[in-house]
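Visitor: I'm new to this one, so could you walk me through it?
Guide: Sure, let's have a look together.

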Amino acid sequence: MSYFHRHRGATPYLLLAPGLLFLLAFFVVPLGFLAYQSLESGNQATLTYAFTWAWSNYGDALRDYRGHFVRSFEYAAIATALALLLSYPLAYWIAFRGGRWKNLLLLFIIAPFFVTYLIRTLAWETILADNGIVVGVLRDLHLLGSDGRLLATSTAVVAGITYNFLPFMALPLYVSLEQIDHSLIEAAQDLYASKWKAFLRVTLPLSLPGVVAGTLLTFIPAAGDFINAQLLGSPKQHMIGNVIQSKFLELTDYPAAAAMSFILMAIILVLVFIYARAVGTEKLTG
Amino acid sequence: MLGFVRRHVLTAYSLLMFAYLLLPIAVVILFSFNNPSGRFNYTWQGFTLHYWQNWNAIPDLWNAMKLSLEIALVASLVATALGTLIALALVRYGFRGRGSTNLLIFLPLSTPEIVLGASLLTLFLNV
């Protein structure tokens with residue numbers, strides 16, 4: 001960048017300053033504290049920890065909780081794929097057939113947010129309960145054994161995650177589908193593409209930025225989630241978020257929890273970068 | 001004809017999806033009229049208006065609600081103001097450090113809430 005360009009104004013830096021200072025104080029500095037804490041060792045009963053370059057916290061976390069890490073990313077991946085498959089036709093319908101009802105229909109998509117996350121998940125606990133209607137119907141259809149359950153299964157946890165993060169998938173999909181110039185699709189059809197082929201060759205590729213944004217916005221929080229596994233699962237379905245949560249708040253094993261947080265974040269970042277490279281970074285920033 | 005059928009399949013699917021999205025809210029509303037005998041509110045045991053008539057029976061409910069709204073309002077205002085300024089800088093200006101700014105803004109997004117919460121906890125414990 002040329003000298004002239006750099007000095008053309010302090011304006012962008014002045015615009016950035018408040019936000020970046022905020023991020024520095026409430027994101028970068030806390031992460032620094034967390035990193036420091038992840039290398040501490042000591043007594044978790046008396047809460048006396050000292051900085052000892054305890055890299056073993058990382059090794060121990062990976063060794064003891066490998067299953068939880070793997071499960072978290074499995075659940076997150078399945079839930080993200082389900083959310084994409086479920087919400088793409090819905091977003092398509094609103095964008096192309098919503099007409100003057102579009103805004104109202106979008107309101108329905110974010111309707112889950114009108115009830116708190118915790119309460120929503122508790123409602124699913126009621127719906128999927130052993131003596132609830134869903135389990136009853138599945139038992140009558142012999143899709144579940146007579147003592148079959150939905151709660152405390154990975155199905156329930158993945159279903160809960162899918163439901164809770166569905167709006168994060170549907171909204172970006174809708175935005176990218178809504179922006180598509182309809183004349184492009186008409187042009188494809190004028191050139192004798194079937195409706196299906198026009199969708200595959202025109203609509204779908206043009207909606208990819210929404211797919212990328214939606215999958216990231218769903219996958220990242222899903223991988224760190226613990227509420228769904230806590231309420232809809234049993235310890236067998238616990239994810240790494242549950243371990244971090246209990247280490248921090250119940251067991252007060254701060255160094256282990258801090259190390260796990262960093263491992264989780266590192267894996268997510270690596271996956272995001274691989275994903276971004278695979279689809280092209282320009283789609284990330286739009 | 002095929003287009004007609006397909007259009008209605010998609011419409012029917014979308015209506016089902018809306019039902020699915022709204023189902024837990026309906027359950028919450030329905031179970032607010034439930035009259036559970038025990039501590040748990042999982043099975044339907046009878047209609048009552050008791051919990052609506054005594055909506056403020058939980059001590060400090062009103063204060064907690066006010067606090068929630070206050071926090072939400074302040075957080076939205078601050079986030080909107082700071083975010084708008086950053087977005088203006090990123091969209092309207094080319095400047096040195098644009099890439100790293102983008103990355104710094106993306107990082108909190110890629111940080112699970114549990115990690116954000118944990119790191120803020122260590123900050124407040126240490127400062």
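Visitor: What share of the residues of chain B count as buried?
Guide: This is a predicted model, where local features need pLDDT of at least 70, side-chain atom pairs count only at pLDDT 80 or more, and totals for chains, interfaces and linings use all residues. Residues are numbered from 1 along each chain as its sequence is written, with chains lettered from A and ligands numbered from 1 in the order in which they are written. A residue is buried if 20 or more other C-beta atoms, placed from the backbone, lie within 10 Å of its own (12 or fewer is exposed, in between is partly exposed). Of the 127 residues of chain B, the share that counts as buried is 13%.

Visitor: What radius of gyration does chain B have?
Guide: It's taken over C-alpha atoms, and the globule rule is 2.2 Å times the number of residues to the power 0.38. For a compact globule of 127 residues that would be near 14 Å, but chain B has 24 Å.

Visitor: How many helices does chain B have?
Guide: Helices (H or I, at least four residues) and strands (E, at least two) are DSSP runs, numbered from the N terminus. Chain B has 0 strands, and its helix count is 5.

Visitor: Which element gives the largest share of the side of chain B that touches chain A?
Guide: Two residues are in contact if their C-beta atoms, placed from the backbone, lie within 7 Å. The contact takes 57 residues from chain A and 44 from chain B. On the chain B side, helices H1 (2-31), H3 (61-92), H4 (98-109) and H5 give two or more residues. The largest share, 14 residues, comes from H1(B).

Visitor: Why are the buried residues of H5(B) on the same side?
Guide: Those residues are B:Ile114, B:Val115, B:Ala118, B:Ser119 and B:Thr122. They sit on the same side of H5(B) because the arc they cover around the axis, taken from the directions from the helix axis to the C-beta atoms, is only 130 degrees.

Visitor: Which helices of chain A do the buried residues of H5(B) pack against?
Guide: Look across to chain A for the partners of these H5(B) residues. They pack against helix H2 (11-38), helix H13 (240-249) and helix H14 (254-279).

Visitor: Where in chain B is confidence lowest?
Guide: pLDDT is the predictor's confidence in each residue, from 0 to 100. Its mean over chain B is 87. Confidence is highest in H3(B), at 94, and lowest, at a mean of 85, in H5(B).
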